[in-house]
Each structure stands twice: as C-alpha cells, then as structure tokens.
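Here are my notes on the model, in numbered points. Please read them with the structure open beside you.

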Amino acid sequence: MSETSTPVASDEAADIPEVTPVAENKPSESENIDKIRDILFGSQSRKIEKKLVALDDKIEKAIVSVRIEMKSTLDTLEQFVRKEFQSLSDQLTSEKTERIESVQTLSEKVNDAKRMLENKLSLLGDKVVNNQREAQDQILQQAKTVMTEIREKNDALQKQLDQSVEALTHEKTDRLALADLMMEAAMRLKNEFQLPESD
C-alpha cells in the first residue's frame, strides 16, 4: 500500500524548532551536527520508519496468513493421508479376510473331494471284494458241477467197463465151453473119449 508523500518543505518547516537565543554556553559541534541532521532528514526518517512499521505489519500479517493457510493445507493433507491409510488398511483387511475365506473354502473343497474319493475307493473296494467272492463262488460252483459231471461220467464209464468185462467173461466162458464140447466131439470121433469110471 503506497502512502502519499507530502512536500518535504512543509514538514521540515513544521519540524524546525524555534530559534532560541544563544545561551552563554555554546553547544558542541556534535550536538550541532545532530540537530542539523534532524532538521534535514528528520521527516524522511520518520516516514521511512512509518513505512517500515507498516511493512513489518504487512509481513507479519502475511506470515500469519501463510501459517494459517499452511496449517489448513497440512490439516487437509493429514486428513487425506489418514483417509488413504484407513482405506488401504480396510482394503488390506478385506483382501486378507477374502483370502482367508477362499483358503478355507478351498480347504473344505479339498476335504470334501478327499472324503468323496475315500468313499468311492471304499465302495470300489467293497465291489471288488464282492466280485471276487462272486467269482470264487461261481468258480467253486462250476468246479462242483464239473466234478459232478466227471464223477457221473466216471461212474458211467466204470459201469460200461464192468458190463464190458462181464460180457467178455461170459463170452470167454462160452468159448471155453464150446472148446470143451468140440474137444469132446473130436475125441468121440476118434473113439478116444472115455467116460470117467464110477467108483
């Protein structure tokens, strides 16, 4: 903010002290120089001092404003960072929960599949055992049937063999009788046949 400068002459005229009669004791030269300096530069020094004070006020107000603005910005930034951290934390917690749930679900599925496989293997084992038993029963039944058939055929063959032996025995007996008869006839023809003597 610029200040309107007043003519230096009027201020200097206002600031010029009244001339007092010269005292008996003359002032020293240094005092005279200070007075002259005050007469020449006093008003400008006061103006500069006022401007410096105003400038200091402006700077202080600006610093306060910047501090307030920076504090507000930092507060906003802090809230944003906290929200972001909270959002990330919530997201990580959610993802962790989802992963735990997915792992639990996968574990349950694996356990279910394992139980199903164990049940299927158990049923398959029972089926294999049952099939083996049925196969063994069928083999035993077929073996019994075959043994029965073999026994029956063996009995039939044995019977046929016995009948054949018996027939051969009868046939042999008949042949011996026929041979004896023919021998007797031959001996009779030769008159060599003699009846056994009776006692």
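1. One cut-off first. A residue counts as exposed when its relative accessible area is over 50%, as buried when under 20%, and as partly exposed in between. Lys71 has a relative accessible area of 54%, so Lys71 is exposed.

2. Confidence. This is a predicted model. The average pLDDT is 78, and 79% of the residues score at least 70. Residues 1-24 fall below 50. That stretch still has 16 contacts in the model beyond near neighbours in sequence. Where pLDDT is low, the predicted coordinates should not be read in detail.

3. Overall make-up. The protein has 2 helices and 0 strands. Helix H2 covers residues 29-189. Of the 199 residues, 1% count as buried. The exposed area of the protein is about 18900 Å². Carbon and sulfur atoms supply 58% of that area.

4. Salt bridges in general. How many salt bridges does the rule give? The count is 3. The rule asks for a side-chain nitrogen of Lys or Arg within 4 Å of a carboxyl oxygen of Asp or Glu. Each pair is taken in turn below.

5. Lys71 and Asp75. The closest N and O atoms of this pair are 3.3 Å apart. That is within 4 Å, so the pair counts as a salt bridge. Both residues lie in helix H2, 4 residues apart, or about one turn of the helix. Asp75 is partly exposed, because its relative accessible area of 31% falls between the two cut-offs. Lys71, at 54%, is exposed.

6. Glu78 and Arg82. Here the closest N and O atoms are 2.7 Å apart, and the pair forms a salt bridge. Helix H2 holds both residues. They sit 4 residues apart, about one turn of the helix. Is Arg82 buried or exposed? Arg82 is exposed, with a relative accessible area of 57%. Glu78 is partly exposed at 37%.

7. Asp112 and Arg115. This salt bridge has its closest N and O atoms 2.2 Å apart. Please look at that distance in the model. Arg115 and Asp112 are 3 residues apart in helix H2, which means about one helical turn separates them. Arg115 is partly exposed, with a relative accessible area of 45%. Asp112 is partly exposed too, at 35%.

8. Nonpolar surface. Which residues make the nonpolar surface patch of about 770 Å²? They are Val66, Met70, Leu74, Leu77, Phe80, Val81, Phe85 and Leu88. Met70 lies in helix H2. Its relative accessibility is 48%, so Met70 counts as partly exposed. A patch residue needs over 30% relative accessible area and no salt bridge, and Met70 passes the area cut-off because it stands at 48%.

Technical notes
Residues numbered from 1 in each chain as written. Predicted model: local features only at pLDDT ≥ 70, side-chain atom pairs only at ≥ 80, totals over all residues. Heavy atoms only, no water. Buried < 20%, exposed > 50% of the residue type's maximum accessible area, 1.4 Å probe, protein only. Patch = residues over 30% accessible without salt bridge, like charges linked within 9 Å, V, L, I, M, F, W, Y side chains within 5 Å. Areas by Shrake-Rupley, 256 points an atom, 1.4 Å probe, with all protein chains shown as cover. pLDDT = per-residue confidence, 0-100. Contact = heavy atoms within 4.5 Å.
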